[in-house]
Amino acid sequence: MKEINYYAGGNTAKGFVHFFESNFQDLERLFILKGGPGTGKSTMIKSIGNEWRDKGYDLEWIHCSSDAKSLDAFIITELKIGIVDGTNPHALEPQYPGVVEEYVDLGVAWNREQLLKRKEEIIDLTKKVSKGFQTAYRSFREGLKEHDKLEEIYISQMDFNRANKLTSEWIQKLIQYPSKQGRGMTKHRFLGASTPIGPVDFVESITESLEIRYFIKGRAGTGKSTMLKKIVEVAKHNGYDIEVYHCGFDPDSLDMVVIRELNFAIFDSTAPHEYFPTREKDYIIDLYKETVATGTDEKYANRIRETTKKYKEKMNEGIQHLAKTKEIRDQLEEIYIEAMDFTIVNQIRDTINNEIKGMAQKNNS
């Protein structure tokens, strides 16, 4: 039994960005949960997921970037079945409604009259939550501007010919042959996220079953994401199934590429997801050492220090806004929890689980 944890949505400098559809593309059944905050979506996902994990099935757990204790979805990979919280900000539209995807309305379990009594409070809190997220995203955007200034320093000192040659050498080493499976499916994800409790990542979970791990070291702007993008391009051309993990801060950049058929992960191993080799087949690729003019850190030390300080201040500011927003959202959840009849929710849970059991029996027969 294997479990993989990751994010499919993130609070980024470009706002909330998600890749949920990408990870559901090969599913044969997807239950899309609808309902307000506090209606039991995450609890249901955990409950059913844990049951199938305990039966020995491989699971993918998709975590919520706005609440470190909540889940957004799970996938039983062998059965090609998933359950997802399909509400804002990652509202999902079925591609094959009734055939693959199905809406599950948990709103049938709430007491509408009780909610109406607190209508103004619900509207007020909802607006505050929306405003809180936008304020956090603004701080992250300002942080990205500082990060871009940091990149400019190192880009000005880069040997791009050497960087391109190094990337080509690594691509030839990593992807020597076309895929034997030849499916060429690409799934987009986040390995980490900015959450109300700070940066969280699942590097260890994602790479746990892989034999080889490459840790890319470097500075901002030293070509880590560019190298990963070129690896993805060649892997696609050669027909490999690829897991592409985007940067939780700047989703246009990449943090990791996993090709399980080739048994490796290659990733940006710098803060806030900085790791060092702990296994026999862990290797470091140091782009700063290989491609940047010697003495760059020392030459621009003051400028680097000041820019880094401003960048970290804006990131911390954004995290604080996320934390305050979660407190407000918790208040909103309490209102819905008080108005819910969870015996109905449990009946819905059992109905979904019984259908999964039926599909599992067909799969095993």
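Q: Why does Tyr154 count as buried in this predicted model?
A: The relative accessibility of Tyr154 is 3%. Buried means under 20%, so Tyr154 makes the cut.

Q: What makes the pair of Tyr154 and Tyr288 edge-to-face?
A: Two numbers do the job here. The ring centres of Tyr154 and Tyr288 are 6.2 Å apart, and a pair needs centres within 6.5 Å. The planes of the two rings sit at 80 degrees, while edge-to-face asks for over 60, so that's the label the pair gets.

Q: Which parts does the pair of Tyr154 and Tyr288 tie together?
A: Tyr154 belongs to helix α4 (residues 119-155) and Tyr288 to helix α8 (residues 287-291), so the contact ties together parts that are 134 residues apart in sequence.

Q: Is Tyr288 buried or exposed, and how do you know?
A: Tyr288 has a relative accessible area of 13%. With the limit for buried at under 20%, Tyr288 is buried. There's also a charge to look at: the charged end of Arg219 sits over the Tyr288 ring, 3.9 Å from its centre.

Q: What makes Arg219 count as sitting over the ring of Tyr288?
A: On distance, the value is 3.9 Å from the ring centre, against a limit of within 6 Å. Arg189 is another case, lying over the face of Tyr6 at 4.0 Å from the ring centre.

Q: How many aromatic pairs does a search of the whole structure find?
A: The search turns up 14. One of them is Trp52 with Tyr57: centres 5.2 Å apart, planes at 70 degrees, so edge-to-face again. Trp52 is buried at 2% relative accessible area, and Tyr57 is buried at 10%. Elsewhere, ring pairs link Trp170, Tyr214, Phe264 and Tyr283 into a cluster.

Q: How do you know that Cys247 has no bond to Cys64?
A: A disulfide needs sulfur atoms within 2.5 Å. The closest cysteine sulfur to that of Cys247 is in Cys64, 18 Å away, so the two are too far apart for a bond. Over the whole structure, the search finds 0 disulfides. Both residues are buried, mind you: Cys64 at 13% relative accessible area and Cys247 at 14%.

Q: What makes strand β10 covered on both faces?
A: In a regular strand, side chains alternate between the two faces of the sheet. In β10 (residues 192-195), Gly192 and Ser194 are buried on one side, and Ala193 and Thr195 are buried on the other.

Q: Why are β10 and β11 called paired strands?
A: Pairing takes at least two bridges, and 4 join β10 to β11 (residues 198-201), running antiparallel. Ala193, for instance, has Val200 as its bridge partner in β11. A hairpin of 2 residues joins the strands.

How values were computed: Residues numbered from 1 in each chain as written. Heavy atoms only, no water. Phe/Tyr/Trp six-rings, centres within 6.5 Å; stacked < 30°, edge-to-face > 60°. Buried < 20%, exposed > 50% of the residue type's maximum accessible area, 1.4 Å probe, protein only. Lys NZ or Arg CZ within 6 Å of the ring centre and 35° of its normal.
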